[in-house]
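Okay, thanks for squeezing me in this morning. Have a look at the model on the screen, and I'll walk you through a few spots.

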Amino acid sequence: MRTIKCFSVTSLFWICLLVFAISSCTDSSDKTLGVWYRKSDLDGPVRTRTASFVIGNYLYVCGGYRSAVKNASNDYSTCVHDVWRYDMDNDYWMKCASMPTAAPRRNGAVGFSVGSKGYVTTGYDSDNFEYLKDTWEFDPNATTVEDGNTLVGAWTQVDDFKGDARSGALAFSIGDYGYVGTGRNDDGQYKDFWRFNPNASSGLQWEEVYGFGGYKRDGALAFVIKDVAYICCGNSDSGGLTDDLWKYDPTQANGTTGGWEKLRDIYDSDSDEDYDDDYTDIMRSNAAAFVIDGRAYLVTGQIASGSYRTNYWIYDPSTDLWYGEDLTPFEGTSRINAVGFSNQNQTRGFVATGETSSARLDDVWELKPYEWEED
């Protein structure tokens, strides 16, 4: 396909959308907005349900589910233990220090970063059929000798997650804190949220954050725009795919209470308002999200019928509205449980790894949202 470059000035983004129909480049019916570019594949094994976090302009992916894999003891495991770093500026991967042997191999874990360090917690140990709550800190400025090689990073165990052990949770970070909530285990689903303070004394690093009024869920997602977190999507055992959208603003919180606000639903509920007339397929589970220039991009995932999605939606927090028309579909294989991530300044967005109905994936894609793609 041929790509046609148009204005890339962020402030003109919505103007570009409005003039799409009268664009002078070619007939508007031949173009869609946004171009997906294939980037460097993960150097390590294919995987899904991996934990991840971003420090600076580096993405770190930690562990995940691969299926039967031979480990260091020559036994077979369903999960990998390795850690890889993706350099967004230079488009290459580098192997980092693996999670320590004291940390069970896991999938469905979550990751977040605070300052210059990353954290991984919760997940499911599919070798021993056990949900997890141990929490590990990754320092990229240290080194570890592994199999005779000196690798970037060192891991230290910190306080266990204070909620129940679970997988399929979501995580985000704002300022000096990380946040973890929702998820599920064999007892059911959760809607609690917990705040992690890496600078607190041992035994006091986790505090519960009250006030979230949404559904219990797993497979949800969160994104952060200007130090405000937004939570949507996922599966609810009581009602299928969730249609609510919430934001968490820590500046509006009173200690560990409050700061939550319910926003417009993401589903056409036949209300009298016009905003949801076209909200027909935002709802999904196990999707990915990233932020570019103050707007969130929701991509991939699974709908109630079981089908995987390739379309994406753009969320503008200044209007609390979503836009999903005339956008170029995701050009990689449709998937679930992918990693969505942005660079430090949130000017670039990517999707990596995940799974199809029969395969694990290792590819990486970047969206250029201000370019037009011609059919």
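So, aromatic pairs. This is a predicted model, and the count of aromatic pairs in it comes to 34. One of them is F196 with W206, a tilted pair, with 4.9 Å from centre to centre and 50° between the planes. That pair links distant parts of the chain: F196 belongs to strand β17 and W206 to strand β18, and the two are 10 residues apart. Are those two buried or exposed? F196 has a relative accessible area of 0%, so F196 is buried. W206 comes out at 3%, and because the cut-off for buried is under 20%, W206 counts as buried too.

Compare that with F290 and Y297. Here the ring centres are 5.5 Å apart and the planes sit at 15°, so this pair is stacked. Stacked needs planes under 30 degrees apart. Both F290 and Y297 are buried.

There's also a cluster. Ring pairs tie together F172, Y179, F193, F212, W246, Y248 and W260. If you're clicking along, try showing those side chains together.

While we're on rings, two arginines are worth a look. R85 lies over the face of Y58, 4.0 Å from the ring centre. R166 does the same sort of thing with Y190, over the face of the ring and 4.1 Å from its centre. Hang on to R166, because that name comes back.

Now the sheet that F196 and W206 take us to. Which strands make it up? The order is β13-β14-β17-β18, four strands in an open sheet with antiparallel pairing. At the edges you have β13, residues 170–174, and β18, residues 206–209, and each of those pairs on one side only. From one strand to the next, the twist averages 25°. Looking inside the sheet, β14 and β17 run antiparallel and are joined by four bridges, with β17 covering residues 193–196. G178 stands opposite F196 of β17, and that is the F196 from the tilted pair with W206.

Next, a couple of loop residues around that sheet. Take G183, which is in the loop between β14 (177–181) and β15 (184–185). Its relative accessibility is 0%, so G183 counts as buried. What does G183 touch, once you leave aside its neighbours within four places in sequence? The contacts are R166, S167, G168, A169, G188, Q189, Y190, R217 and D218. So there's R166 again, along with Y190, the ring that R166 lies over. G183 and A220 are 37 residues apart in sequence, and in space their C-alpha atoms are 8.1 Å apart.

The other loop residue is D192, found between β16 (188–189) and β17. D192 is an acidic side chain you might guess to be out in the open, but what does the model give? D192 has a relative accessible area of 16%, so D192 is buried. Not counting residues up to four places away in sequence, D192 touches G163, R166, V180, G181, T182 and E208. D192 and D164 are 28 residues apart along the chain, with 9.6 Å between their C-alpha atoms.

There is another open sheet to show you. Four strands form it in the order β19-β20-β23-β24, with antiparallel pairing. Its edge strands are β19 (221–225) and β24 (257–262), each pairing on one side only. The twist here averages 30° from one strand to the next. β19 pairs with β20, residues 228–232, in the antiparallel sense over five bridges. Within that pairing, L221 stands opposite C232 in β20.

That cysteine brings me to my last topic. How many disulfides does a search of the whole structure find? Zero. Why does C96 have no bond? The closest cysteine sulfur belongs to C62 and is 8.5 Å from the sulfur of C96, which is too far for a bond. The cut-off for a disulfide is within 2.5 Å. C96 is buried, at 0% relative accessible area, and C79 is buried as well, with a relative accessible area of 0%.

Okay, that's my tour, and I'm happy to go back to any of those spots.

Methods. Residues are numbered from 1 along each chain as its sequence is written. This is a predicted model: local features need pLDDT of at least 70, side-chain atom pairs count only at pLDDT 80 or more; totals for chains, interfaces and linings use all residues. Side-chain values use heavy atoms; hydrogens and water are left out. Buried means under 20% relative accessible area, exposed over 50%, partly exposed in between (1.4 Å probe, protein chains only). Contact means heavy atoms within 4.5 Å. Two strands pair if DSSP finds at least two bridges between them. Axes are lines fitted to C-alpha atoms, for helices over the stretch in contact, and angles run from 0 to 180 degrees between N-to-C directions. Rings of Phe, Tyr and Trp (its six-membered ring) pair if their centres lie within 6.5 Å; planes under 30 degrees apart count as stacked, over 60 as edge-to-face and the rest as tilted. A charge sits over a ring if NZ of Lys or CZ of Arg is within 6 Å of the ring centre and within 35 degrees of the ring normal.
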